[in-house]
Amino acid sequence: MVSPTISDAIRTMPKAELHLHIEGTLEPELAYELADRNNIQLPFSGLDDLRQRYKFTNLQSFLDLYYQLMSVLRTADDFRDLVLAYMAKANEAGVVRSEIFFDPQVHVENGLDIDTVLDGLLSGMILGRERYGISSGLIPCIVRDKPVESAAQIVESLAHRSDELLGLGLDSAELGYPPQLFSDVFDRARDLGLHLVAHAGEEGPADYVKQAIYDLKVERIDHGIRSVEDLELLEILKERNIPLTCCPLSNLKLQVVNKLSELPLQQLITSGVQLTINSDDPAYFGGYIADNFDALADIGFTLSQLARMGENSLRAAFWGETERDNMLKQFALWEQSHQALLQ
Ligand code: ADE
Ligand code: ZN
């Protein structure tokens, strides 16, 4: 177990969370509270029964429960409260910047107006800034196992509020849904001035990471751990300075690896790839961002290695130069005050 000193240092280190699905922060208690508020009958016999279901064998087995529970989100207040609950946890974990994913196609299919979703999320983000000083941005994700036309439609329905969005992402079931399917959709998002990211190389092959880079022209890769299977790709990630947003506890829970030490993180670092550490869907995977850092400390990562990943996250975030520079200064102060632990 990581020592209290290291754990405290991890929690005070200023960091950006760059891979976080807001629907994946829905804790079972809040799911029940929202279901009650919205007169929705959940198909479980109670909280304990629901908690029993948080055992996953692969990405799809998680996605089934994740999409099912999303049905409790009905109003702008629900989305605001979800964001606020996350912000409180993120604040305790030392998050100063959060770039938040959500799945608009699912909410629209559940009968919600896209503006209700955006209004709720954005009001939670404003309150998060006021209460905790956390800067944030919104990244809608294309649900890649839905038809390409649905992806194109959702981007059009978001276009009128593109100035309130940070980027466009690509998530959901990876295998069989290669990034290149969505190249026109991502072209449109780029024309709207959005940053581009995509999940690739989580369960899918290294070639999907290449497609995300060449066909979608993404600036960051979400997960990307299977990039180690292609030495040429490692060189591309390094040369183009394309960071990976890694999520160790997610990979463990979804059985991408059997134990954390099987993750190729050291190999990626040695290859010169910029890694960041993130929580993905913390309510489902047993830990928020600082718990992911703790888990790496437990398998032998030093505080200075973890600090590099924290610093990488501040550099890889899509924020203005002034905000980034201010936070890097704050990060340098944290380093100074933890020098003894960073030897
Ligand atoms: N949606 C939420 N979490 C995801 C993950 N880890 N991979 C793909 N899609 C997701
Ligand atoms: Zn994810």
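Student: Which residues are counted as surrounding ligand 1?

Tutor: The residues around ligand 1 are H21, L59, F62, L63, Y66, D171, S172, H199, E202, H223, D280 and D281; a residue is near a molecule if one of its heavy atoms lies within 4 Å of it. This is a predicted model, in which local features need pLDDT of at least 70 and side-chain atom pairs count only at pLDDT 80 or more, whereas totals for chains, interfaces and linings use all residues. Residues are numbered from 1 along each chain as its sequence is written, chains are lettered from A and ligands numbered from 1 in the order in which they are written, and side-chain values use heavy atoms, with hydrogens and water left out.

Student: What makes the pairing of E202 with ligand 1 a polar contact?

Tutor: A polar contact is a pair of N or O atoms within 3.5 Å. A side-chain N or O atom of E202 is 2.8 Å from a nitrogen atom of ligand 1, so the pair qualifies. By the same cut-off, D280 also qualifies, with its side chain 2.7 Å from a nitrogen atom of the ligand, and so does D281, with a polar side-chain atom at 2.6 Å from a nitrogen atom. The protein buries 100% of the 260 Å² that ligand 1 exposes when taken alone (accessible area by the Shrake-Rupley method with a 1.4 Å probe).

Student: Which classes of residue form the shell, and which helix gives the most?

Tutor: The shell divides into four nonpolar, four polar and four charged residues (Asp, Glu, Lys and Arg count as charged; Ala, Val, Leu, Ile, Met, Phe, Trp, Tyr, Cys and Pro as nonpolar; the others as polar). Helix α4, residues 59–69, gives the most to this shell, with four residues (a helix is a DSSP run, H or I, of at least four residues).

Student: Why is the space around ligand 1 called a cavity?

Tutor: On a 1 Å grid over the protein atoms alone, a cavity is a set of points where a 1.4 Å probe fits but cannot get out. Ligand 1 sits in the largest cavity, therefore more than half of its atoms lie within 2 Å of the grid points of that cavity. The largest cavity has a volume of about 100 Å³. Of its 15 lining residues, H21, L59, F62, L63 and S172 are the closest to its centre. Helix α4 supplies the largest share of this lining, five residues.

Student: How many cavities of 30 Å³ or more are found, and what lines the second largest?

Tutor: The search of the whole structure finds two. The second largest has a volume of about 40 Å³ and is lined by V155, L158, S162, L165, L168, L192 and L194. Its lining divides into six nonpolar, one polar and no charged residues.

How values were computed: A polar contact is a pair of N or O atoms within 3.5 Å; within protein, one must be able to donate a hydrogen and the other to accept it, and residues adjacent in sequence count only if both atoms are side-chain atoms. On a 1 Å grid over the protein atoms alone, a cavity is a set of points where a 1.4 Å probe fits but cannot get out, and a pocket is an open set with protein on both sides within 12 Å along at least five of seven lines; lining residues have an atom within 4 Å of a point. Helices (H or I, at least four residues) and strands (E, at least two) are DSSP runs, numbered from the N terminus. Grid points are joined across faces, edges and corners, and a volume is the space filled by probe spheres set on the points.
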